[in-house]
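This report walks through selected strands, ring pairs and charged pairs of one protein chain. Please keep the sequence and the model open while reading.

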Amino acid sequence: MLGRTRSRRGGTTALVGAALLLASAAVQTGTGAPAHAATTHRVLFDNAHAETAGNADWIISTSQPDPLGQDSSPSAETDWTGALSSWGVALQKTGDYSLKTLPPGAGLAYGGTSATDLTNFDTLVLPEPNTLFTSAEKTAIMNFVKNGGGLFMIADHTGADRNNDGYDAVEIFNDLMTNNGVDSTDPFGFSVDPLSVGSDHPAAIGDTTDPVLHGSFGTVTKSLIASGTTATLKPADNPAVKGLLHRTGYSGDTGVFFATSTFGSGRVAFWGDSSPVDDGTGQSGNTLYDGWNDTTATNAALALNATAWLSGASGTGTGGGSTPCTTAQLLGNNGFESGGTVWSTTSGVITNSTTKAARSGSYYAWLAGNGTATTDTLAQAVTLPSGCAARLTFQLHVDTAETTTSTAYDTLKVQLLNGSGTVLRTLATYSNLDAASGYTQRAFDLGGYAGQTVTLKFTGTEGSKYQTSFVVDDTALDVS
């Protein structure tokens, strides 16, 4: 079938130049995404990967999967047994969290029917795992984050192989980020350093708008290292990565003791030592360090603020330092019903042609689809308010006359440009291989770039023989 000629209606508006930043991969949202409850934020602590091996005790309670089985109304850290009991009890006492533990012998899964399946949670805490994740587990973790989940990675110093299986947390986390079935190209924008730092008090950066450093559980000034490691940031791979605390004498992308990032629609936090969340209590016979209550640092506030941020709850609780944000949708003419206005487009891209179907209303954006060498563009600039969460979504329908199942002849690139028109990052590339009936929602987290002016640009490019149509509708850039 040869390419088809189409009749389109639309116009070209002036291109608005703007700085643009973002570090997320495109994801399809749907039935597998975490379903966030109105007030309860669901957190799963992992204990299926030797977190209690040797003298470690990285659990919130010995009652697993439900810590409430030990004490249904804990008021003190000793009401639950485990070196992370203070963390668990502090969250439980707010009334805003539901906590569970993945017990030994279980496996991490995403999309199943188990009560501990990751689809039932908003945040996964990995407190110094000591066995490698299986291929299926790595796929589950990455898809969980990609579809909107929060991931808390807590490491330790290199060589902390507590079960003597040849792997420590440094190697396990690096394996997760570089050897998975979803995205192995440095998806979070950092790697864990193979270091053993004896002691230090890493200091927080001076960012009063950051919800992890200035959140509902207090202000973070310092953390501590009692045999731990750091991370090296790679913002060229993921510009959303951010170092919040640095080892003494370090700054920028090196010596990062605590980092945050995004991936797809989800959020990621990294901490270079387990000692800061150790509360000094636990099961008999374990060697523990009370970093949680250490008065020379603010580890409790850091752990709790980060959990709130990862769970999408950084505006909850009492006290705080987060700036309230007004919920709003920022894109102009986001459903294209005003025709060729607001957006900068190639002539005819925004159309109400009955040749294709809009997802809603009458107008939509139709890129490529001529069956001839074609390049179409669609762009809009917008400013993201400081201190707010931001999420970009759009509906995409791809149909094609191409018959190949292996070669991407025609493409739609979703890109970010700076004020000079230079591409800073390609968020996603769709092609004739993505053809399907109906529309699919695509989603991106822009929260890491609050306070920036960003421009979203779609570029549809088609070869010279068979048509592929990229049809976009119902765009939105929601902040809250």
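## Strand 5 and its neighbours

Phenylalanine 152 stands opposite alanine 269 in strand 15. The model in which this arrangement is found is a predicted one. Strand 15 covers residues 266-271, and its pairing with strand 5 is parallel and runs over five bridges. Strand 5 also pairs with strand 4, which spans residues 123-127, and this pairing too is in the parallel sense and counts five bridges. Within that pairing, threonine 123 is placed opposite glycine 150 of strand 5. The connection between strand 4 and strand 5 involves helix 2, residues 135-146, and together the three elements make up a β-α-β unit that is right-handed.

How many of the five residues of strand 5 are buried? Five of the five residues in this strand, which runs from 150 to 154, are buried, and the strand is accordingly described as mostly covered. In a regular strand, side chains alternate between the two faces of the sheet. For strand 5, one side carries Gly150, Phe152 and Ile154, the other carries Leu151 and Met153, and the residues on both sides are buried, with both faces covered.

## Aromatic rings

Phe152 also belongs to an aromatic cluster, in which it is joined by Phe45, Trp87, Phe258, Trp271 and Trp292.

A pair of aromatic rings is described by the distance of the centres and the angle of the planes. In this model the count of aromatic pairs comes to 13. One of them is formed by phenylalanine 336 and tryptophan 343, whose centres are 5.3 Å apart and whose planes stand at 40 degrees, an arrangement classed as tilted. Phenylalanine 336 has a relative accessibility of 0% and counts as buried, and tryptophan 343 is likewise buried, with a relative accessible area of 0%.

Why is the pair of phenylalanine 394 and phenylalanine 458 edge-to-face? The planes of these two rings are at 90 degrees, with the centres 5.0 Å apart, so the pair is classed as edge-to-face. The pair links distant parts of the chain, since phenylalanine 394 sits in strand 21 (residues 390-400) and phenylalanine 458 in strand 25 (residues 453-462), 64 residues apart. Phenylalanine 394 and phenylalanine 458 are both buried.

## Salt bridges

Side chains of opposite charge can pair when their charged atoms come close. The count of salt bridges in the model is eight, and the table gives some of them.

| Salt bridge | N to O distance |
|---|---|
| Lysine 242 and aspartate 207 | 2.7 Å |
| Lysine 242 and aspartate 210 | 2.8 Å |
| Arginine 359 and aspartate 474 | 2.9 Å |

Lysine 242 lies in strand 13 (residues 242-246), whereas aspartate 207 is in the loop between strand 8 (203-204) and strand 9 (214-215), so this salt bridge ties together parts of the chain that are 35 residues apart in sequence. The lysine 242 side of the pair is partly exposed, at a relative accessible area of 25%, while aspartate 207 counts as buried because its relative accessibility is 18%, which falls under the 20% cut-off.

Aspartate 210 is located in the loop between strand 8 and strand 9, so its salt bridge with lysine 242 in strand 13 connects parts that are 32 residues apart in sequence. The relative accessible area of aspartate 210 is 6%, and this residue is therefore buried.

Arginine 359 is found in the loop between strand 18 (350-351) and strand 19 (364-368), and aspartate 474 in strand 26 (residues 468-479), so their salt bridge ties together parts that are 115 residues apart in sequence. Arginine 359 is partly exposed, with a relative accessible area of 45%, whereas aspartate 474 is buried at 18%. Elsewhere, Glu128, Asp156 and Arg162 are linked in a network of salt bridges.

## Threonine 411

Threonine 411 belongs to strand 22, which covers residues 411-417. Is this threonine 411 buried or exposed? Its relative accessible area is 19%, so threonine 411 counts as buried. When neighbours within four places in sequence are left aside, the contacts of threonine 411 are with Thr429, Tyr430, Ser431, Thr459, Gly460, Thr461 and Phe470.

Technical notes:
Residues are numbered from 1 along each chain as its sequence is written. This is a predicted model: local features need pLDDT of at least 70, side-chain atom pairs count only at pLDDT 80 or more; totals for chains, interfaces and linings use all residues. Side-chain values use heavy atoms; hydrogens and water are left out. Buried means under 20% relative accessible area, exposed over 50%, partly exposed in between (1.4 Å probe, protein chains only). Helices (H or I, at least four residues) and strands (E, at least two) are DSSP runs, numbered from the N terminus. Two strands pair if DSSP finds at least two bridges between them. A crossover is right-handed if, with the strands pointing away from the viewer, the path from the first strand over the helix to the second runs clockwise. Rings of Phe, Tyr and Trp (its six-membered ring) pair if their centres lie within 6.5 Å; planes under 30 degrees apart count as stacked, over 60 as edge-to-face and the rest as tilted. A salt bridge is a side-chain nitrogen of Lys or Arg within 4 Å of a carboxyl oxygen of Asp or Glu. Contact means heavy atoms within 4.5 Å.
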